[in-house]
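Colleague: I have a few questions about the ligand site. Can you walk me through it?

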Amino acid sequence: MPHSKISGKAYHDLSKHSYLSVQVNPNYVDAATQPTSFKVYPRFYRRLQLNRNNPIHAFLWLTSAITLEKIYKDSPYKLRVNPSAGALYPTEVYVQMRGVEGIIDGIYHIEVENNCLTLIYELIDDGLENYVIPNKCINGFIFLVSCVYHRSSWKYQDRSFRYCLLDSGHHLGAIAASAYLHENNIQLRFDFDKLTLNADLGFENKEFITSCVISGEVQEKPVRRLRLPIPFVCGTDYFQVNQCVEDAYQTTSLQPSHQQKLEHPEFNFDRERFLENVWNRRSIRRFQKQSISENIYWQILQAVRQPIPTENFEEIEIYSVVHDIEGISPGLYKNTHLIKAGNFREKTGYLCINQAIARDCAVTLFFVSDYLSYQTAMQLAGFVGQRVYLFSNYWGIDCSAIGAFYDDETQAFLETNKDVLYAMAIGK
Ligand SMILES: Cc1cc2nc3c(=O)[nH]c(=O)nc-3n(C[C@H](O)[C@H](O)[C@H](O)COP(=O)(O)O)c2cc1C
């Protein structure tokens, strides 16, 4: 099939892992050739250094902050509030601010490496509303999440489009967590004219918008399309095209999602503890095969299932492979329904490409969906994944995302004909 004809389902199928595909193409790369993972606009743009004592700055800063710096094999690594497949960080965040006290109305790039905002566009009677919420004007914040896809396709090739979308979903989750901590309501949007917006933001074929978050007061007032072009700035130091990723993005951008009524979640976490938790979130690298309590398991799942504030929606179903939860017999479950009993540690480890985390955790979760919009479904899977990280960590449970699994064998094991989008391991 020519790449230009691929839809979400067809893309998902062509990017499946199997035992054979992983043997033939194990994705080995020379680390020295990794493209840069921080985008920096040229020096002449005006910058605003983020000051964490200012609540607006703190809100923006926590959406994308570097939370740990470490040296690994002589190279410095900067880990962030949002997890990322292979720590390649393809996502970028832009924020439009209008009517925000002390800040010039404009579109800003969050420059993560230098902890500042770069003003890339000043607003007059124009703005991002024209693309993302036509005929309305937002007094407040409009966030855009985008992907500089070569950072991920460099290693993961055709499968990287999945990771770009999952990573975008995690980044949306990080924005939601910062909004919760700063008591700002948000709404996620996935169905809008992304292709025109990419062109007007000067992204060429090298970066693409995946989603949007609105936080502010909505007024009935049309806003013009951006009156001036924004120059292209490359998010990596070099670039190699991946036609499959570009075509998959283009075709799946045109597919609208299922729709639902907007509903907000209601969490009552201790905000100070939750802030510490956002700051300290990490992927666990090894589990000790310890059990977790039934109570905490249900607490995590219940909080994860709270409404997601968006009208553009795809349902994410969660299957649990219980290995060691006190009070629950081992087996495959969907919610409380036992599909099959048994000890599936070894099987789950194998399905996740022989990753010990999937074998040694207390429970492995699989997210599946019967979607209309592939982009929305994958991002919501990432968003739910971010909740799993934050809520598990909040209640003292460790967690890791798992994007690599044998697709068809996992689907057969789960006894579903829906696509398996993502997996997560939680335990101790
Ligand atoms: C979409 C996605 C897929 C991932 N897949 C795996 C995986 O298959 N195996 C694994 O060990 N870690 C996986 N991770 C975890 C990343 O390796 C981790 O987020 C990254 O190294 C950054 O570390 P941190 O999460 O502690 O900040 C994944 C993360 C994401 C967001």
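Colleague: What sort of residues make up the shell around the ligand?

Modeller: The shell splits into 11 nonpolar, 6 polar and 4 charged residues, with Gly counted as polar and Tyr as nonpolar. This is a predicted model, where local features need pLDDT of at least 70, side-chain atom pairs need 80 or more, and totals for chains, interfaces and linings use all residues. Numbering runs from 1 along each chain as its sequence is written, and side-chain values use heavy atoms, without hydrogens or water.

Colleague: Which residues come nearest?

Modeller: Arg281, Arg282, Ser283, Gln355 and Gly403, of 21 around the ligand; being near takes a heavy atom within 4 Å.

Colleague: Which polar contacts (N or O pairs within 3.5 Å) involve a nitrogen atom of the ligand?

Modeller: A polar side-chain atom of Gln355 is 2.7 Å from one, and a backbone N or O atom of Ala401 is 3.4 Å from one. The protein buries 88% of the 620 Å² that the ligand exposes alone (Shrake-Rupley, 1.4 Å probe).

Colleague: And which domains feed the shell?

Modeller: Domain 1 (3-251) and domain 2 (271-427) each give at least three residues; the bounds come from an automatic or database assignment.

Methods
Polar contact = N/O pair within 3.5 Å; in protein donor to acceptor, adjacent residues only side chain to side chain.
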